[in-house]
Amino acid sequence: MWVTEAFPPALQRALAARGGVPVPVHDLVLHQLHQRTPAELRERIERRWYLRFSQLTAAQITERTDEIALDLIAPGTCPDPWCEDGWLLDQHDTARGCPRCRHRTVDTTALPADGAPASAGTVTAAVASIRHSILLARTTSHARQSRAAAQRHNHPR
């Protein structure tokens, strides 16, 4: 349940209106827990939501509820078991692009014309810093939720 609680509120409302998280989503979570930790699955949900679905309207979310929930949990298409949406997971929490699937092309027309391009080291440091901030915020939020749940359990109304 802790994994599916990472679904964004808009998706949770749409799922609740349809009777809750569908069985295939629960089954997929259980299957993915053999390859990823619950925290890694929550990261996957958050990352994919903001990359793929956060711009959808409430009506679009309602129309595609089950599809979105499955897509947020589903494994990637890369054959490398350590690849997570184009980035390799490792013990040192550093982001490295997956050489088997990550496209190395950059649309340079979208980049600013002035200033020198950032070095690979600068980009890697920036990514690591952002990832650390997200993990810290998630850990703090989870601790706060756990304390609130414990208080509700110890002091029922």
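**Exercise 1.** Is Asp66 buried, exposed or partly exposed, going by its relative accessible area?

*Solution.* Before we start, keep in mind that this is a predicted model.
- Step 1: grab the value, which is a relative accessible area of 32% for Asp66.
- Step 2: recall the cut-offs: buried is under 20%, exposed is over 50%, and partly exposed sits in between.
- Step 3: with 32%, Asp66 therefore counts as partly exposed.

**Exercise 2.** Find the salt-bridge partner of Asp66 and work out which parts of the chain the pair links.

*Solution.*
- Step 1: look at the side chains. Asp66 meets Arg18 in a salt bridge, at 4.0 Å from N to O.
- Step 2: place both residues. Arg18 belongs to the loop between helix H1 (9-17) and helix H2 (23-32), while Asp66 is in helix H5 (residues 65-73).
- Step 3: check the separation. The two are 48 residues apart, so this pair links distant parts of the chain.
- Step 4: compare with the cut-offs again. Arg18 has a relative accessible area of 44%, so Arg18 is partly exposed.

**Exercise 3.** Work out what the salt bridge between Glu84 and Arg44 ties together, and say whether its two residues are buried or exposed.

*Solution.*
- Step 1: take the distance. The closest N and O atoms of Glu84 and Arg44 are 2.6 Å apart.
- Step 2: locate the partners. Glu84 is part of strand S1 (residues 83-84) and Arg44 is part of helix H3 (residues 38-53), so the bridge ties together parts 40 residues apart in sequence.
- Step 3: check burial. Both Glu84 and Arg44 are buried.
- Step 4: zoom out. A network of salt bridges links Arg36, Arg44, Arg47, Arg48, Glu84 and Asp85, and the structure holds eight salt bridges.

**Exercise 4.** Do the same for Asp71 and Arg52.

*Solution.*
- Step 1: their closest N and O atoms are 2.8 Å apart, and the two form a salt bridge.
- Step 2: Asp71 sits in helix H5 and Arg52 in helix H3, so parts 19 residues apart in sequence get tied together.
- Step 3: Asp71 has 26% relative accessibility and counts as partly exposed. Arg52, at 35%, is partly exposed too.

**Exercise 5.** Which strands stand at the edges of the sheet, and why is one side of each left without a neighbour?

*Solution.*
- Step 1: write down the order. Three strands make an open sheet, S1-S2-S3, with antiparallel pairing.
- Step 2: find the edges. S1 and strand S3 (96-97) each have a single partner strand, so one side of each has no neighbour in the sheet.
- Step 3: look at one pair. Strand S2 (residues 87-88) and S3 run antiparallel and are joined by two bridges, and Trp87 stands opposite Gly97 in S3.

Note on methods
Residues numbered from 1 in each chain as written. Predicted model: local features only at pLDDT ≥ 70, side-chain atom pairs only at ≥ 80, totals over all residues. Heavy atoms only, no water. Salt bridge = Lys/Arg side-chain N within 4 Å of Asp/Glu carboxyl O. Helix = DSSP H or I, 4+ residues; strand = E, 2+ residues; numbered from the N terminus. Buried < 20%, exposed > 50% of the residue type's maximum accessible area, 1.4 Å probe, protein only. Pairing = 2+ DSSP bridges.
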